[in-house]
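User: I want the reasoning behind the labels on this structure. Please set each value against its cut-off.

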Amino acid sequence: MCGSLRPNLSAIICTCNRAPLLAGLLGALCRQTLPAQNSEVIVVDDSSIDDTLAVAAAYASWLPLRYSYQRDNGGLASARNCGLFRCRGDILLFLDDDNMPAETLLEEHLKMHRQFPAPRCVLGISR
């Protein structure tokens, strides 16, 4: 990401030893309708020993992507906290490495937060 511009949205992806799935997700994020300068992608690698770093590096020229490696496998909560500390966006979106988002996901997520503004609001899906 160039300069000191703050993105509107930070997409945080936590992963561990699932490089092929991460590649699919990052490929889908390359096709988002939200302009790249409005978002950032944070990949938190929770001690992978596969090609996760290489996958993230391969997409770094296509996405405003930052990569963070956790040496000690701390689990999902630890990885998410790491992503929270690294992100710069006003709105956060946690993605799982096996997600395959629609092309409008980031744009629609941002739109919903703008339509229903609330401090410390969490949007989610009820199951």
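**Labels and their grounds**

Analyst: Ser68 is buried, with a relative accessible area of 10%. Buried means under 20% relative accessible area, exposed over 50%, and partly exposed in between, with a 1.4 Å probe and protein chains only. Ser68 sits in strand β3. This is a predicted model: local features need pLDDT of at least 70, side-chain atom pairs count only at pLDDT 80 or more, and totals for chains, interfaces and linings use all residues. Residues are numbered from 1 along each chain as its sequence is written, and side-chain values use heavy atoms, with hydrogens and water left out.

User: What makes Leu105 partly exposed?

Analyst: Its relative accessible area is 28%. Partly exposed is the class between the buried and exposed cut-offs, so the label follows. Leu105 belongs to helix α4.

User: How do you know that Ser61 counts as exposed?

Analyst: Ser61 has 62% relative accessibility. The exposed class starts over 50%, so Ser61 is in it. Ser61 lies in the loop between α2 and β3. From Ser61 to Asp90 the C-alpha distance is 23 Å, with their positions 29 residues apart in sequence.

User: What does Ser68 touch?

Analyst: Val43, Val44, Asp45, Cys82 and Arg86, leaving out residues up to four places away in sequence. Contact means heavy atoms within 4.5 Å. By that rule Leu105 touches Gln32, Leu93 and Leu95, with the sequence neighbours up to four places away again left out. For Leu105 and Leu29, 76 residues apart along the chain, the C-alpha separation is 8.9 Å.

User: Why are 75-86 called a helix, and what span does α3 reach?

Analyst: Helices are DSSP runs of H or I with at least four residues, strands are E runs of at least two, and numbering starts from the N terminus. Helix α3 has 12 residues, so it passes the helix minimum. The expected span is 1.5 Å times one less than the number of residues. For α3 the expected value is 16 Å, and the helix reaches 17 Å from first C-alpha to last, which is close. Helix α1 (residues 19-30) also has 12 residues; it reaches 16 Å, close to the expected 16 Å.

User: Which residues of α3 are buried?

Analyst: Ala79, Cys82 and Gly83. They cover an arc of only 100° around the axis, which puts them on the same side of α3. The arc is that of the directions from the helix axis to the C-beta atoms. Ala77 and Phe85, on the other side of α3, are exposed. The buried residues of α3 pack against β1 (9-15), β2 (39-45) and β3 (65-69).

User: How do you know that β1 and β2 pair?

Analyst: Two strands pair if DSSP finds at least two bridges between them. β1 and β2 have seven, in the parallel sense, so they pair. In one of these bridges Ala11 has Val41 of β2 as its partner. Thr15 stands opposite Asp45 in β2.

User: How many bridges join β1 to β4, and how many join β2 to β3?

Analyst: Six join β1 to β4, running parallel. Five join β2 to β3, also parallel. Ile13 has Leu95 of β4 as its bridge partner, and Val44 has Ser68 of β3.

User: What is the strand order of the sheet?

Analyst: The open sheet has four strands in the order β3-β2-β1-β4, with parallel pairing. β3 and β4 (91-96) stand at the edges, each with a single partner strand, so one side of each lacks a neighbour in the sheet. The twist averages 20° from one strand to the next.

User: Why is β2 described as largely enclosed by the rest of the structure?

Analyst: Because seven of its seven residues are buried. Both faces are covered: Ser39, Val41, Val43 and Asp45 on one side, Glu40, Ile42 and Val44 on the other. Strand β4 alternates instead: Ile91, Leu93 and Leu95 point to one face and are buried, while Leu92, Phe94 and Asp96 point to the other and are not.

User: What makes the β2, α2 and β3 unit right-handed?

Analyst: A crossover is right-handed if, with the strands pointing away from the viewer, the path from the first strand over the helix to the second runs clockwise. β2, α2 and β3 make a right-handed β-α-β unit. β1, α1 and β2 make a right-handed one too.

Key
Axes fitted to C-alpha atoms, helices over the stretch in contact; angles between N-to-C directions.
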